[in-house]
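Reader: I am new to this structure and should like to understand the terms applied to it. Please take me through the reasoning behind each.

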Amino acid sequence: MLIAFLLFLILGAIVTVLPGALLGYGCVAASGSVSLGARIALLLFTAGASAATWLMLVGISHMWRPAAAILSFAATAASGALFLTIDTYKRRAPRRPHPAWQVRN
């Protein structure tokens, strides 16, 4: 019985976290040409919207709704922040310096 309950919790966490993580990645990927502040605001708005969706979902017991909302918000924000950090690092990465003895064209 305990194993079935733990399996239920793990599958529930996967079902809750996976859409949020994909939504966070999609939000960062879609907002590629916007400023960093606007991208962060859009990411937080998207994370809040995904959490609100889990709060209003009919098929979930009232006891699990806050946990699902918190997991979804955290997954969306963490996934988006990770990909936003990677994208920002790629944009600001210094170019390979030219040696002093090479002549630039």
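Author: The following exchange sets values from this predicted model against the definitions they rest on.

Reader: What makes up the chain, in terms of helices and strands?

Author: The chain holds three helices and zero strands. Read along the sequence, this gives the pattern α-α-α. Of the 105 residues in the chain, buried ones make up 25%.

Reader: Why is Arg39 called buried?

Author: The relative accessible area of Arg39 is 4%. A residue counts as buried under 20%, and therefore Arg39 is classed as buried. Its place is in helix H2.

Reader: How do you know that Arg39 and Asp87 form a salt bridge?

Author: The rule asks for a side-chain nitrogen of Lys or Arg within 4 Å of a carboxyl oxygen of Asp or Glu. For the side chains of Arg39 and Asp87, the N to O distance is 2.9 Å, so the pair meets the rule. By this rule the count comes to one salt bridge.

Reader: What does the pair tie together?

Author: Arg39 belongs to helix H2 (residues 36–56) and Asp87 to helix H3, so the salt bridge joins parts that are 48 residues apart in sequence.

Reader: Is Asp87 buried, partly exposed or exposed, and why?

Author: Asp87 has a relative accessibility of 22%. Buried means under 20% and exposed means over 50%, so Asp87 counts as partly exposed.

Reader: How far from Ala29 is Arg39, in sequence and in space?

Author: The two residues are ten apart in sequence, and their C-alpha atoms are 9.9 Å apart in space.

Reader: What makes the patch on the surface nonpolar, and which residues form it?

Author: The patch consists of Leu2, Phe5, Leu6, Phe8, Leu9, Met63 and Trp64. Leu, Phe, Met and Trp are among the residue types that count as nonpolar, so the patch is called nonpolar. Together these residues have about 700 Å² of accessible area.

Reader: Why is Leu9 called partly exposed?

Author: Leu9, in helix H1, has 30% relative accessibility. Partly exposed lies between the limits of 20% and 50%, so Leu9 falls in that class.

Reader: What is known of the largest pocket and the residues closest to its centre?

Author: The largest pocket has a volume of about 270 Å³. Its lining comprises 13 residues, and the closest to the centre are Phe8, Gly12, Ala13, Thr16 and Trp64. Helix H1 (2–30) and helix H3 (65–92) are the elements that give two or more residues to this lining. H1 gives the most, with six residues.

Reader: How is the lining of the largest pocket divided by class?

Author: The lining has ten nonpolar, three polar and no charged residues. Gly counts as polar by this scheme.

Key
Residues numbered from 1 in each chain as written. Predicted model: local features only at pLDDT ≥ 70, side-chain atom pairs only at ≥ 80, totals over all residues. Heavy atoms only, no water. 1 Å grid on protein atoms, 1.4 Å probe; cavity = no way out; pocket = protein on both sides within 12 Å on 5 of 7 lines; lining within 4 Å. Points joined across faces, edges and corners; volume = space filled by probe spheres on them. Helix = DSSP H or I, 4+ residues; strand = E, 2+ residues; numbered from the N terminus. Patch = residues over 30% accessible without salt bridge, like charges linked within 9 Å, V, L, I, M, F, W, Y side chains within 5 Å. Areas by Shrake-Rupley, 256 points an atom, 1.4 Å probe, with all protein chains shown as cover. Buried < 20%, exposed > 50% of the residue type's maximum accessible area, 1.4 Å probe, protein only.
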